[in-house]
Amino acid sequence: MNCSSIPDYTHTLDLVVALGGIPSAFFFLFPTDYPVNYQSAKSKVMNNKKKNEGQTDFSYYGLYLLDYLRTNKFEQASDDAFIRERADRAAETYERARLDGSTSAGAQELAMNTLLEGLHYSKYAILREVVENEFSDDVPEAKRESFTQKLLPLVGNVFSIYDLSDDNFALSPDYDLLYTELTGAVVLYIEEYGV
């Protein structure tokens, strides 16, 4: 096969990502000689319907951010306006970078930096790290999630003097201080209440 006869869809892929990653946009690009099972795709969508109830129709970046915020238990996970604004800025960053000559990968990296700026450290993720690293013998793996969730509101004041929005927080001496304070708080909690 002559490789020069293969159309370059790179810019189309960029456009699809910038417009929200709409997979159906690809169907007209690639001729297929095999049957597509639309029923199984429909079933998957229907099975996920309950899981996605209450979600608004976010773009690719919006959905990525929503999942990230939920996974790391950020307070902004329920703030649709925050998510939309961040997603729009990320898409604009991607588009601007591509227009300025960046590769798709380079533009995507810039867009993700914009999307997650100031959101690299959640209280939940840091506390979970402390529990996993320092108390793996005391807190069984099956109980770590619920233990961390239960403990998080009780140690909230420990976080209040630290700037978790600093993207380089883990490299600062403050991170070590926070880690030590959280470790002490967990020790006190376990001594008093157990796991």
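The following paragraphs trace salt bridges through this predicted model. A search of the whole structure finds five such contacts, and those described here involve helices H5, H7 and H8.

The account begins in helix H5, which spans residues 80-99. Here the side chains of Arg89 and Glu85 form a salt bridge, with an N to O distance of 3.0 Å. The two residues are four positions apart, about one turn of the helix. Arg89 has a relative accessibility of 29% and therefore counts as partly exposed. Glu85, with a relative accessible area of 34%, is likewise classed as partly exposed.

Helix H7, residues 123-134, holds a pair with four-residue spacing, Glu132 and Arg128, again about one turn of the helix. Their side chains meet in a salt bridge at 2.7 Å, N to O. Glu132 is partly exposed at 33% relative accessibility. Arg128 has a relative accessibility of 18%; because the limit for a buried residue is under 20%, Arg128 counts as buried.

Arg128 also forms a salt bridge with Glu145, where the closest N and O atoms are 2.9 Å apart. This pair joins distant parts of the chain: Arg128 belongs to helix H7, whereas Glu145 lies in helix H8 (residues 141-151), 17 residues away. Glu145 is partly exposed, at 32% relative accessibility.

Arg128 thus has salt bridges to Glu132 and to Glu145. These three residues, together with Lys73, are linked in a network of salt bridges.

Key
Residues numbered from 1 in each chain as written. Predicted model: local features only at pLDDT ≥ 70, side-chain atom pairs only at ≥ 80, totals over all residues. Heavy atoms only, no water. Salt bridge = Lys/Arg side-chain N within 4 Å of Asp/Glu carboxyl O. Buried < 20%, exposed > 50% of the residue type's maximum accessible area, 1.4 Å probe, protein only.
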